[in-house]
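Please open the structure in your viewer and keep the selection tool at hand. The tour below proceeds stop by stop, stating what to select and what is found there.

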Amino acid sequence: MTKKTAFIIPLTLLIFLFSANLRCSLANDITAPTTTLTQTPTSPDGLNSWYISPVNITLTADDLDSGVKSINWLLDAYLNTQTFNNTLNQILNPSFEDMGSPINKWDLVGNDGSTVFSQDSTSTPPLDAYSAKIYSVTTGWHAFSTESNYSVTSTYQNMTSSIWVKTDTLTGNNAYYSIYLLYDNGNGQVLKQLLATSSSVSGTTAWQKISLNFVVNNTQAVGVYMEAGLNGVGNAWFDGASISSSLTNPSANFAISSNGIHDLSYYSFDNADNEELPHHNTSFKIDTKAPSRFTNFTPTQYGNSHTFIISINVTDTTSGLNTQTAEFQYSVDEDEEGSWGYYTNLTGCNSTFVQGWKSMSTNPSTNGVTQTTMTTPAVDFCDSNWADPKKIRFRIKDVAGNLGQSADFTMNGVWIRVTNGDIFSNKAISFQSPSTVTYTAGAHESISNVTSGNSWFLENYSILSHENYNEWYSKYTTTTAPPNNKLPNISGKFRINSDFTIASNTIPNGLSNVQNMSAVLFVNGDLNINSNYSLHATSGIIFIVKGEISVANNVTSVDGFFITGEEFDTGSGNSQLTLNGGVQADTLVFGRSLNGNQNSSTPAEIFTYQPKYLIVGKNQLGSGYSVSLVSIE
Amino acid sequence: MQKTSAKLTNKGQALIFVVLLMSIALAVGTSISSRTISSIRRTTNIDSAERARAAATAGVEFYLAKSGSELETAITSNGGSASGCSNPTNPIAYPSLSSEPLSQRTDNVDTAVQVKIGRYGCLNSPSDPAFTSSIAKDNVLELKLGGPNGSKSVDICFNSASPASSLYLTLISGTSPNYSIKKYGYNQAGVSSSNNFQSTSSNGTDSCINSNNFDLGSNPQILRILSLYNSSTIKIKTLGNYNLPFQGYTISATATVGGGNGTVKTVIATKSLPYLPVPFNFGVYSQSASDAL
């Protein structure tokens, strides 16, 4: 018999025994896995047991016999499962339950006579009843080893390992474990090589799990074994040792980020189909959103023309409002530095002005309500010179501790009204004064200072897509100029290849009497509206403008549907502007302000949505259809 | 005498050898030819399939580019029903007979395409199968309504994957110039949302609006259905005597390559009636993602 043959026979026998061990492990495994949860943040980072940031969860499962087959978690009634392969633990007596000399299947390393190696039942091990203990009074390496009962492996195999460790007054170089490789050197000798070393633990620590993934990078690999021990003086306990052919230690990671109260139940199965019972249950309260939707700003005059009691509604739909934290501050001259605060006598501008916030009442005042009306006492803004901006702002916390602050509200400030339509912003809505919309107000971020007739709000909604001038023009290319280079008075698609000004000399005679006209006008430049004009109720013009759209101060009535990728400026006059149709623009500038106290009751700009454009517009922009390929046979 | 018989014997062996050699050559030649023929046949089949698919696609695309009025003319001029969804056209040759037939182009491969055009989306009675459509998130499905005066109702149900979608409806009624507008917002059954939309009732699999009875009022023109938060699958049925008119066109093109027993491929597409995109829903729409409104 050659040396090779002499080596191969026991190796073959060993592999057979390993597979037999596998079968035996599955048959003999009656212990369910154990799943532990770790999280970040480790505890609620808000008030009243609320989290104000998303919670990252890691579930880690251990099974010392047949290995973990799956980790399962039920989050708000949705079941999730993560499965694992090759998790069979290849270490014999992994939990140190079988007594030997002192522990069965484990060798001793560094047994210098003064170091005490024992099976211990006093350390409350994480798995089963016993752990392995090393008490060292000398420096040097002292460890438990599985060299005599190594785990069979193969070349380039990815493996994982782990062990639970606890230390007490451990000084020196710490407690850790190493993975060694046994390999055939080609001469019939089996040698060993250090493959990897885990992280280490020192001092006095509670039970913790340390893990290590490694690759068997030797072409003559025979097996691997673990040496777990300490290098120094002190006590160390070990429990739950594992080596498996799994690519990763069984763990599942996910985040809980949506606002609300979430119930989490988690448990595992092992490869012998033992189910972890009972399931673990916990819950998380998450509120990452501050109070918002400051709406229905209502100043009520009290006494003289510059003293008001001001109320505003605020909403928090998750943890609810902390009504004791409602506050306000105001400024009677915003241009002055440090002008935000309050007079110590709110109705006496001769008193001391204090920088800070003043408390205010709420109704309802019960803590945790989702909506409340905040009301100031009577506040004197000192004079009626509304040209000097006089502003007020509010703030309140929710029960979780998030602080929400409103936009600045301008007293007698300008506002807009959108009638019969919706309003949407791909950023946020933050008008200086409360504006109104008949139907829905929507924004990618927060909405402030808008009242919806139906109280319909799409807050924190995704950004909507739209087409720009070039995209529209490439679909509906035309080089036809409008008749006489004036506003169209016949149906069709037209283009003006320059700036265009709507003025008395570019408005066709009788335009307002032209019926059933459906026109699109491309303006390859800026559009300036310098004159009032109107269209017949049955007619419509869609303006698609490459540059800016500006409305002169003297214009009070405009008709059309306006699309631009630049700015739409309503002008800065003190007369009201009415726009019949709609506006899509990159930005809108509302610069008008009515005289005297008119702003308090009258919008400076009115946008009256005209549904006729949904019907009239299709005649010209009518290739906006959807196509689907049903089948190819 | 012995030499002659020896000569006779030798001549017979050569003949056998030659016959054997020729048999082998014949077998090899036959095998090679068979393989070549099989290879050519496979190549021809693949080529024919691709040609047929391309030709059918061309036929579909030709009619997709037509306007609604042109499609209506094609339908009524080729045996299709004057209205409704019942009868598509008789097969229409593509391209038209006045154009150069496909079979005469470049490589003389016999290719023919027949196109049928019809309408889809009609609902003529409450017992008709529901009109079903998918609406991508933040996109709109526009239904053509219309009909005589008098109350009309439809059953609108919808569902989605998680997260639950909501529907935002815009109903335009009346006749020019007196159009009126009404809007409705609906969340799925059992779903609470901060949008304050109305809730719906569940029929087990879908959420249904107004307990399966959405009133279109009198003289409805169009209903735009916007899917919010996620894409939706909606199912619409009519109630009472209301009929839903057609909602678009189906274009089916069948191409045959290689004559009667040749390769056949069919491409089918649908084209909805035209509608304006979602931003036209808004009275004011600020596009900027960096500047607040």
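Two strands are said to pair if DSSP finds at least two bridges between them. With that in mind, and remembering that this is a predicted model, begin where the two chains meet.

**First stop: strands that pair across the chains**

Select strand β43 (residues 577–585) of chain A together with strand β15 (residues 284–286) of chain B; three bridges join these strands, which run parallel. Now display A:V583, whose bridge partner in β15(B) is B:V284.

**Second stop: the interface as a whole**

Widen the selection to every residue in the contact between the chains: 66 residues come from chain A and 56 residues from chain B. How much area do chain A and chain B bury between them? The value is about 5500 Å², and 60% of it is on carbon and sulfur atoms. On the side of chain A, the residues that lose the most area to chain B are A:D422, A:W456 and A:L614, which together account for 12% of what that side buries.

Next, show the side chains of A:D422 and B:K183. They meet in a salt bridge, with a distance of 2.5 Å from N to O. Across the interface of chain A and chain B, two salt bridges are found. The count of residue pairs in polar contact between chain A and chain B, both at pLDDT 80 or more, is 33.

Which strand of chain A gives the most to the side that touches chain B? Select strand β46 (residues 627–632) of chain A, which contributes six residues. If the side of chain A that touches chain B is coloured by class, it shows 35 nonpolar, 23 polar and eight charged residues.

**Third stop: chain B on its own**

Hide chain A for a moment. Chain B has two helices and 15 strands. Of the 293 residues in chain B, 41% are buried. Consider also the contacts in chain B with a separation of 6 or more: residues 24 or more positions apart account for 73% of them.

**Fourth stop: the loop between β23 and β24 of chain A**

Bring chain A back and select the loop between β23 (361–363) and β24 (371–375), where A:T366 is found. Is A:T366 buried or exposed? A:T366 counts as exposed because its relative accessibility is 51%, and the cut-off for exposed is over 50%. Add A:Q324 to the view: A:T366 and A:Q324 are 42 residues apart in sequence, and their C-alpha atoms are 8.9 Å apart in space.

The loop between β23 and β24 of chain A also holds A:P364. The peptide bond from A:N363 to A:P364 is cis, with omega near 0 degrees.

**Fifth stop: another cis peptide bond**

Move to A:S101 and A:P102, which are joined by a cis peptide bond with omega of about 0 degrees. A:P102 lies in the loop between β4 (78–83) and β5 (107–109) of chain A.

**Last stop: residues with positive phi**

Select A:D273, in the loop between β15 (260–270) and β16 (280–286) of chain A. Phi of A:D273 is near 60 degrees, a positive value in a residue other than glycine. A:D273 is partly exposed, with a relative accessible area of 49%.

Finally, select A:R293, found in strand β17 (residues 292–301) of chain A. Its phi is near 55 degrees, again a positive value in a residue other than glycine. A:R293 has a relative accessible area of 8% and is therefore buried, since the cut-off for buried is under 20%.

Definitions and conventions:
Residues numbered from 1 in each chain as written. Chains lettered and ligands numbered in written order. Predicted model: local features only at pLDDT ≥ 70, side-chain atom pairs only at ≥ 80, totals over all residues. Heavy atoms only, no water. Contact = heavy atoms within 4.5 Å. Buried area = accessible area lost by both parts, 1.4 Å probe. Salt bridge = Lys/Arg side-chain N within 4 Å of Asp/Glu carboxyl O. Polar contact = N/O pair within 3.5 Å; in protein donor to acceptor, adjacent residues only side chain to side chain. Helix = DSSP H or I, 4+ residues; strand = E, 2+ residues; numbered from the N terminus. Nonpolar A, V, L, I, M, F, W, Y, C, P; charged D, E, K, R; others polar. Buried < 20%, exposed > 50% of the residue type's maximum accessible area, 1.4 Å probe, protein only.
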